[in-house]
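Colleague: I'm new to reading folds, and I'd like to look closely at one part of this model. Could you walk me through a single strand and what lies around it?

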Amino acid sequence: MAIKSTVFKAELQVADMDRGHYGTHALTLAQHPSENDERMMVRLLAFALHAAGDKEEALSFANAMTDMDEPDLWRRSLTGEIELWIDVGQPEEKWLKKASHRSNELVLYLYGQKAGLWWSQNQGALAKLAKLRVRQVPAQASAALALLARRTMRLQCTVQDGQVWLGDGEETVALELLELKSAVLR
């Protein structure tokens, strides 16, 4: 018998002063049995950093853990075109290359102790992907985010001048993402 995903519910309040987005998002996250709390919370952080208010611009969690042809998060147009593809972790170059051909914009969030090593080994090959933006969550911050994980969460995310604060009312994680590669969008 296969182990089922664990369901997490989150009410996420976002105040992103850098993008001018303010909203509350009711989210359901399915945590695959092979996914740890740290990865799940980085997915949630990525959602907060790309959330938009309009239903037409809705960002949603995809099935990346069970379907290799899907990202962790995506935003699709009404015609089904993939406008934004977001991956979390350290995917293989071939998957990022494929994703860059399928989407208008591609963002990768690296996290964990080995993120820097992975980037140094893959940076040259990934430089050719114009649509790819790579951001790194500092290892200490991603580990602290994992401690915020609860089956039911009420979280607040504030973004100002590149600084990010994500908290649950008792604990707050402050971080600044490292911009490793910018996208060249046309």
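Which residue in S7 is the bridge partner of Leu108?

Modeller: Happy to help! In S7, Leu108 has Val134 as its bridge partner. Before we move outwards, please keep in mind that this is a predicted model: local features need pLDDT of at least 70 and side-chain atom pairs pLDDT 80 or more, while totals for chains, interfaces and linings use all residues. Residues are numbered from 1 along each chain, and side-chain values use heavy atoms, without hydrogens or water.

Let's begin with the strand you asked about. S7 covers residues 132-136. Of its 5 residues, 4 are buried (under 20% relative accessible area, with exposed meaning over 50% and partly exposed in between, for a 1.4 Å probe and protein chains only). That is why S7 is described as largely enclosed by the rest of the structure. Strands here are DSSP runs of E with at least two residues, and helices are runs of H or I with at least four.

Now look at the neighbours of S7. S6 and S7 run parallel and are joined by 5 bridges; two strands count as paired when DSSP finds at least two bridges between them. The partnership of Leu108 and Val134 belongs to this pairing. S7 also pairs with S11, residues 178-181, this time in the antiparallel sense and over 3 bridges. In that pairing, Gln136 stands opposite Leu178 of S11.

How does the chain get from S6 to S7? Helix H3 takes part here: S6, H3 and S7 form a right-handed β-α-β unit, meaning the path over the helix runs clockwise when the strands point away from the viewer. H3 spans 115-126.

Next, step from S7 across S6, residues 106-110, to strand S5. S5 and S6 are parallel partners with 4 bridges between them, and Ile86 has Val107 in S6 as its bridge partner. Another right-handed β-α-β unit is built here, from S5, H2 and S6. S5 itself, residues 82-88, has 6 of its 7 residues buried, so S5 too is largely enclosed by the rest of the structure.

Let's pause at H2, residues 93-102. Leu96, Ala99 and Ser100 are buried in this helix. They span an arc of only 100° around the axis, which puts them on the same side of H2; the arc is drawn from the directions between the helix axis and the C-beta atoms. S5, S6 and H3 are among the elements covering these buried residues. Turn H2 around, and the face pointing away from the buried side carries Lys94 and His101, which are exposed.

One step further along the strands, S5 meets S4, residues 73-76. The two run antiparallel and are joined by 4 bridges, with Arg76 standing opposite Ile82 in S5. S4 and S5 form a hairpin with 5 residues between the strands, and in this hairpin Gly80 takes a positive phi near 95°.

Finally, let's zoom out to the whole chain. The chain has 4 helices and 11 strands, and 45% of its 186 residues are buried. Its C-alpha atoms fill a box of roughly 45 × 45 × 35 Å along the principal axes. To retrace our path, start at Val134 in S7, cross S6 to reach S5, and finish at S4.

Technical notes: Contact = heavy atoms within 4.5 Å.
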